[in-house]
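Visitor: I would like to learn how to read a few features of a protein model, taking them one at a time. Could you show me the structure and begin with its pockets?

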Amino acid sequence: MVQLTLLVVLFVPPTSASETAPDPSVGAQLFRDNGVLCHSKLGMGEGYLAMAIPDYPTTNLVNTSNTGDRDRILEVVRYGGSLTGISTYMPPWGDELRPSEIRSVIRFIRRIRKQDSGTAVAGSPMDSADYREWRLPTQADEPEYNRSTAERVALGKQLFFDPMMSKDRDISCASCHDPAKGWSDGLAVGVGHRGALLTRASPSIINSAFNKIQMWDGRFRTLEDQVRGPIESPTEMNLDPAILEERLNERPEYIAAFAQSYPGEPMNIDTIAKAIAAFERTVIHRNSPFDQWLDGDTAAMSEAQLRGMDVFMDEDKGHCAVCHSAPNFTDNGFHNVGLDQQTTDEDVGRYKIKPIKEVWGAFKTPIIRDVALTAPYFHDGSAATLSDVIAHYRKGSSPVEQVSLNMKAITISDQEASDLEQFLHALTSEEAPFEAPVYQTFAGSAVD
Ligand code: HEC
Ligand code: HEC
């Protein structure tokens with residue numbers, strides 16, 4: 001088993017510019033190298049699976065690959081004979097295989113089964129079934145204490161767009177998280193109370209419901225925890241929650257809506273936060289060309305976008321999915337990606353919250369669905385365009401000690417860089433225009 005592991009780790013798949021992942025020949029090689037004796041013609045590791053199946057028609061391999069059940073194949077590849085119903089001779093490959101290698105093996109198994117049963121091999125070299133883990137659920141988990149209801153969501157929506165939430169009654173959550181701007185603000189850094197410049201870019205709140213941790217530095221865990229931050233912050237909405245409660249008390253429609261949404265609970269900052277969080281959990285985008293492709297629409301992405309996706313996923317090319325991982329394009333982790341600013345102590349990111357040296361200057365991996373709508377980029381808005389972002393990753397970072405171990409200078413051609421950018425454009429969801437509640441946004445407005 002130790003030997004097997006070594007083989008897998010040492011194996012470096014060949015790469016060439018024209019290759020599209022997952023490459024079944026890589027899978028075939030892995031299969032042979034790992035000596036899956038039972039599936040060879042002679043039972044001794046010679047020949048390989050394709051010829052062997054008719055000789056061993058009852059093996060689990062046949063069963064699993066006939067159904068093409070990716071999860072089952074994956075399970076067998078990983079755990080081998082330790083699974084019930086699988087021969088104990090079947091070696092487990094463990095978790096050492098890289099994701100692209102696993103996909104290659106699965107693709108190889110599928111392909112030979114198709115050949116074996118006389119079915120033509122699928123035309124597209126990329127099979128969406130191999131990327132199933134990227135499918136975003138339709139709903140995010142909700143905390144026990146704040147189950148979503150239609151009333152709660154409707155109330156949260158009103159609050160999110162209501163400028164009464166700021167001291168001068170001129171800034172709402174939507175001022176910085178504007179649905180017309182990809183739920184961000186189009187600015188390098190946010191602008192708050194009386195024009196105060198914030199130090200970081202406003203992230204989009206699209207799919208933030210799936211975040212395991214909130215903010216660039218992860219200082220809040222849940223959406224509920226987060227709401228209080230901008231309301232009280234002197235540079236953002238600068239409003240004392242007590243005054244906010246007074247304002248709400250002057251609005252009969254809010255009194256009624258709170259009573260209906262949170263019966264038995266007071267109308268205060270906690271219920272405000274819950275309602276807003278319930279609303280934010282409805283801002284889920286999962287209908288991009290990429291998502292449609294995952295759903296089996298092979299024509300949803302262009303050839304260039306498919307090639308770009310390959311670059312994105314492949315550890316030997318873009319090496320992006322290692323951090324922007326399935327299903328929400330984030331590992332919910334913190335990395336210093338070596339921006340110039342990340343070599344100074346101006347903003348030490350996660351380190352301020354958790355002072356361990358590995359996260360000095362590290363920021364949370366942002367979700368990048370809809371990313372084409374939310375320029376400029378990075379926590380400090382230092383990249384104006386997606387092509388600037390890609391240029392940064394190609395340049396490689398200055399080798400300061402804190403740069404994430406997952407960062408490496410990537411070597412991709414201009415064509416691959418352009419394909420990669422096209423793929424990032426394929427992440428924008430096709431959504432019906434969002435109908436936001438309308439309020440007047442000047443002090444002393446008619447709203448109260
Ligand atoms: C003045 C601009 C501004 C306003 C107003 C504002 N935000 Fe933000 N928001 C930001 C910025 C900037 C960040 C990131 C700050 C950081 O990480 O340090 C952020 C972060 C967030 C996040 C975390 C997203 C993620 O992926 O980590 C959520 C959720 C959010 N805001 C929701 C809200 C809500 C709800 C309101 C209204 C109560 C609001 N914001 C008001 C600018 C603003
Ligand atoms: C080591 C983990 C890691 C790798 C590898 C990585 N990213 Fe990132 N990415 C991040 C982090 C962390 C940020 C935010 C950094 C910051 O602002 O300080 C980020 C930011 C971005 C942004 C800006 C998003 C926004 O809303 O501001 C884009 C776009 C992006 N990455 C795309 C890519 C692409 C394309 C690749 C592959 C070429 C890639 N990333 C590789 C972790 C990573």
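Visitor: How much space lies in the second largest pocket?

Guide: A pocket is sought on a 1 Å grid over the protein atoms alone, as an open set of points where a 1.4 Å probe fits, with protein on both sides within 12 Å along at least five of seven lines. In this predicted model, about 410 Å³ of space lies in the second largest pocket, a volume being the space filled by probe spheres set on grid points that are joined across faces, edges and corners.

Visitor: Which residues lie nearest the centre of the second largest pocket?

Guide: Lining residues have an atom within 4 Å of a point; here there are 24 of them, and Asp141, Ala209, Phe210, Asn211 and Lys212 lie nearest the centre. The lining divides into nine nonpolar, eight polar and seven charged residues, where Ala, Val, Leu, Ile, Met, Phe, Trp, Tyr, Cys and Pro count as nonpolar, Asp, Glu, Lys and Arg as charged, and the others, Gly among them, as polar.

Visitor: What conventions should I keep in mind?

Guide: Residues are numbered from 1 along each chain as its sequence is written, and chains are lettered from A and ligands numbered from 1 in the order in which they are written. Because the model is predicted, local features need pLDDT of at least 70 and side-chain atom pairs count only at pLDDT 80 or more, while totals for chains, interfaces and linings use all residues; side-chain values use heavy atoms, with hydrogens and water left out.

Visitor: How many salt bridges does the structure hold?

Guide: Side chains of opposite charge can pair when their charged atoms come close. A salt bridge is counted when a side-chain nitrogen of Lys or Arg is within 4 Å of a carboxyl oxygen of Asp or Glu, and the structure holds 18. In one of them, Asp291 pairs with Arg135, with the closest N and O atoms 3.4 Å apart.

Visitor: Are Asp291 and Arg135 buried or exposed?

Guide: Buried means under 20% relative accessible area, exposed over 50%, and partly exposed in between (1.4 Å probe, protein chains only). Asp291 counts as buried at 0%, whereas Arg135, at 21%, counts as partly exposed.

Visitor: What does the salt bridge between Asp162 and Arg251 tie together?

Guide: Their side chains meet at 3.1 Å, N to O. Asp162 lies in the loop between α7 and α8 and Arg251 in the loop between α10 (241-249) and α11 (252-261), so the pair ties together parts that are 89 residues apart in sequence; helices here are DSSP runs (H or I, at least four residues), numbered from the N terminus. Both Asp162 and Arg251 are buried.

How values were computed
Helix = DSSP H or I, 4+ residues; strand = E, 2+ residues; numbered from the N terminus.
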